[in-house]
Amino acid sequence: MELQNCIETRRSIRNFNSTPVSDEAVKELVNAAKFAPSWKNTQVTRYYAIKSKDIKEKLVNALPEFNHTATATAPVVIVSSVVKNRSGYNRDGGFDSPKGKGWQMYDCGCSNMLFTLKANELGLGTVIMGLYDEEKIGAIINLPETEEIISVIALGYYDEVPAMPPRKDTDVLLKMM
Ligand SMILES: Cc1cc2nc3c(=O)[nH]c(=O)nc-3n(C[C@H](O)[C@H](O)[C@H](O)COP(=O)(O)O)c2cc1C
């Protein structure tokens, strides 16, 4: 798929069909995500791919109701975390930049972007979800203390593509100087 087309046709998918997603496909997505740029190449983003019905059921209840359909119908739910205290930090444990630990969010976003674009190329739908009960999910997936959850991503095949939410004109987003 041509890149511009892949970028423009990626939509947030919130309802999936029951077609299973192979482990190989999930690996392909993470294999694409790992090429994302990151703060000093710290590569802090991690992916937990949950296929177990029991664990998925628990996850649904750790998300707000408007995210239940996406999570419940997705054959795979991804929890994306970062290894803490690395991205944005210097060797002395202080911050290199006034953005502080904001850079770990940035790095995870770059990585998730490649993950979702690669999914679109493979005909898989995704929706990134930013609202969740962090403590509950951490306990469900047994997240190490050294990591922090950033996003939850529902992943699967789908029957319907929603209309594209409108985008601002490029002139609004870009100031040339
Ligand atoms: C950080 C972030 C958090 C989001 N959280 C949610 C969410 O909790 N539930 C949801 O349905 N969509 C969520 N979305 C998806 C956005 O609503 C969606 O990307 C936006 O409406 C544009 O639609 P598109 O992705 O189809 O282009 C989130 C997206 C991002 C990047």
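**Ligand shell.** I looked up which residues lie around the ligand, counting a residue as near if its C-beta atom, placed from the backbone, lies within 6 Å of the molecule, and I noted Arg-11, Ser-12, Arg-14, Asn-67, Val-127, Ile-128, Met-129, Gly-130, Leu-131 and Pro-165. By class I recorded five nonpolar, three polar and two charged residues, where Ala, Val, Leu, Ile, Met, Phe, Trp, Tyr, Cys and Pro count as nonpolar, Asp, Glu, Lys and Arg as charged, and the others, Gly among them, as polar.

**Note on the model.** I am working from a predicted model, in which local features need pLDDT of at least 70 and side-chain atom pairs count only at pLDDT 80 or more, while totals for chains, interfaces and linings use all residues. Residues are numbered from 1 along each chain as its sequence is written.

**Chain.** I find seven helices and four strands, taken as DSSP runs numbered from the N terminus (helices H or I, at least four residues; strands E, at least two). The radius of gyration, taken over C-alpha atoms, is 17 Å, close to the 16 Å that the globule rule (2.2 Å times the number of residues to the power 0.38) gives for 177 residues, so the chain is as compact as a globular protein of that length. I also noted that 32% of the 177 residues count as buried, meaning that 20 or more other C-beta atoms lie within 10 Å of the residue's own, with 12 or fewer for exposed and partly exposed in between, all C-beta atoms being placed from the backbone.

**Sheet.** I traced an open sheet of four strands in the order S1-S2-S4-S3, with antiparallel pairing, two strands being paired if DSSP finds at least two bridges between them. The edge strands are S1 (45–50) and S3, each of which pairs on one side only.

I followed strand S3 (residues 125–129) and found four of its five residues buried; five bridges join S3 to strand S4 (residues 147–156), and Gly-125 stands opposite Gly-156 in S4. Strand S2 (residues 76–83) is joined to S4 by eight bridges, again running antiparallel, and Val-83 has Glu-147 of S4 as its bridge partner.

**Leu-174.** I looked up this residue in the segment after helix H7 (170–173) and asked myself: is Leu-174 buried or exposed? Leu-174 is exposed, because 7 other C-beta atoms lie within 10 Å. The C-alpha atoms of Leu-174 and Asp-96 are separated by 28 Å, with the two positions 78 residues apart along the chain counted as their distance apart.
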